[in-house]
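Welcome to a short set of exercises on reading a protein model. Keep the sequence and the 3D view side by side, and try each task before you read its solution.

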Amino acid sequence: MFDKEQKTKELLSEIAKVEKTYEDKIASQIVSTIRKSQNADEKQLTENWDNAREKIIDLIYQMLEAIYALIIKFVKDCYPEADASKKMDIKSLTWQKDGKTIEQRVKIYCDYACEVLKMDNDADLRDRLLHNFIRIIETEDITILNQILLRRVAKAYPYASISNGSCECCDDNGDIKPVEDIEQWPPLHPMCACVAILYTEEEYQKLKH
């Protein structure tokens, strides 16, 4: 059990490094677009933030592809009996509980930036935008990890415990139960830190005793 927990922590650390790289790239895109938008007319403002939207969406999906590759390597190492060989569609794994896509979320924030800059140059705009994009990133990567575990690992490892790390939303932290008995599969909310750790029937029986 400790080995899987440790490997999961190591994976999350690797994911955080990838996140930081792309957060920096998105921050640079935000700063660049704000600079271009200073003293721009309405048409140019709209074009600037439409272009920024496309670039930020591309960066987010590049990040998710890199994280997907890390997760699949982790699954092969930590859950060798699982079949994770077939490539999954990244978009089908993303956070969808509020009905919005990544594209729609990014558009909302870029449209907001455009509207703010039409009225004034807001000194705090960069930080607010970056906070919202980091929220997207940190929600999506943990969603993808847990969805891969549910869809590709749980068949061969049908028992799970939910490790909540720094998150306090999970009442079942550490309890091992059949996957089918877990009422809410993580993540439970945006930026949730809960991650499933899965076990075979044999592993479960050993842990019970």
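**Exercise 1.** In which loop is the place of Pro187?

Before starting, note that this is a predicted model, in which local features need pLDDT of at least 70 and side-chain atom pairs count only at pLDDT 80 or more, while totals for chains, interfaces and linings use all residues. Residues are numbered from 1 along each chain as its sequence is written, and side-chain values use heavy atoms, with hydrogens and water left out.

*Solution.*
- Step 1: Recall how elements are named: helices (H or I, at least four residues) and strands (E, at least two) are DSSP runs, numbered from the N terminus.
- Step 2: Pro187 sits in the loop between β2 (177-178) and β3 (195-199).
- Step 3: Look at the peptide bond joining Pro186 and Pro187: it is cis, with omega of about 5 degrees.

**Exercise 2.** How many helices and strands are there in the protein, and what pattern do they follow along the sequence?

*Solution.*
- Step 1: Counting gives five helices and three strands.
- Step 2: Reading along the sequence gives α-α-α-α-β-β-β-α.
- Step 3: Take helix α3 (residues 102-119) as an example: its 18 residues reach 27 Å from the first C-alpha to the last, close to the 26 Å expected at 1.5 Å a residue. The expected span is 1.5 Å times one less than the number of residues.

**Exercise 3.** Is Thr139 buried or exposed, and which residues does Thr139 touch?

*Solution.*
- Step 1: Find Thr139 in helix α4 (residues 125-153).
- Step 2: Apply the cut-offs: buried means under 20% relative accessible area, exposed over 50%, and partly exposed in between (1.4 Å probe, protein chains only).
- Step 3: Thr139 has a relative accessible area of 6%, so this residue is buried.
- Step 4: Leaving out residues up to four places away in sequence, Thr139 touches Trp95, Pro190 and Met191. Contact here means heavy atoms within 4.5 Å.
- Step 5: Follow one of these partners, Met191, to the loop between β2 and β3. Met191 is partly exposed because its relative accessibility is 34%, and it has a positive phi of about 65 degrees although it is not a glycine.

**Exercise 4.** Where does Asn39 lie, and is Asn39 buried or exposed?

*Solution.*
- Step 1: Asn39 belongs to the loop between α1 (2-37) and α2.
- Step 2: Its relative accessibility is 79%, so Asn39 counts as exposed.
- Step 3: Check the backbone too: Asn39 has a positive phi of about 65 degrees, although it is not a glycine.

**Exercise 5.** Why is the pair of Tyr79 and Tyr157 edge-to-face?

*Solution.*
- Step 1: Learn the rule: rings of Phe, Tyr and Trp (its six-membered ring) pair if their centres lie within 6.5 Å; planes under 30 degrees apart count as stacked, over 60 as edge-to-face and the rest as tilted.
- Step 2: This rule yields four aromatic pairs.
- Step 3: For Tyr79 and Tyr157, the ring centres are 5.0 Å apart and the planes stand at 80 degrees, so the pair is edge-to-face.
- Step 4: The pair links distant parts of the chain, with Tyr79 in the loop between α2 (42-78) and α3 and Tyr157 in the loop between α4 and β1 (159-163), 78 residues apart.
- Step 5: Tyr79 is buried at 0% relative accessibility, and Tyr157 is buried at 2%.
- Step 6: Add Phe74, which forms one aromatic cluster with Tyr79 and Tyr157.
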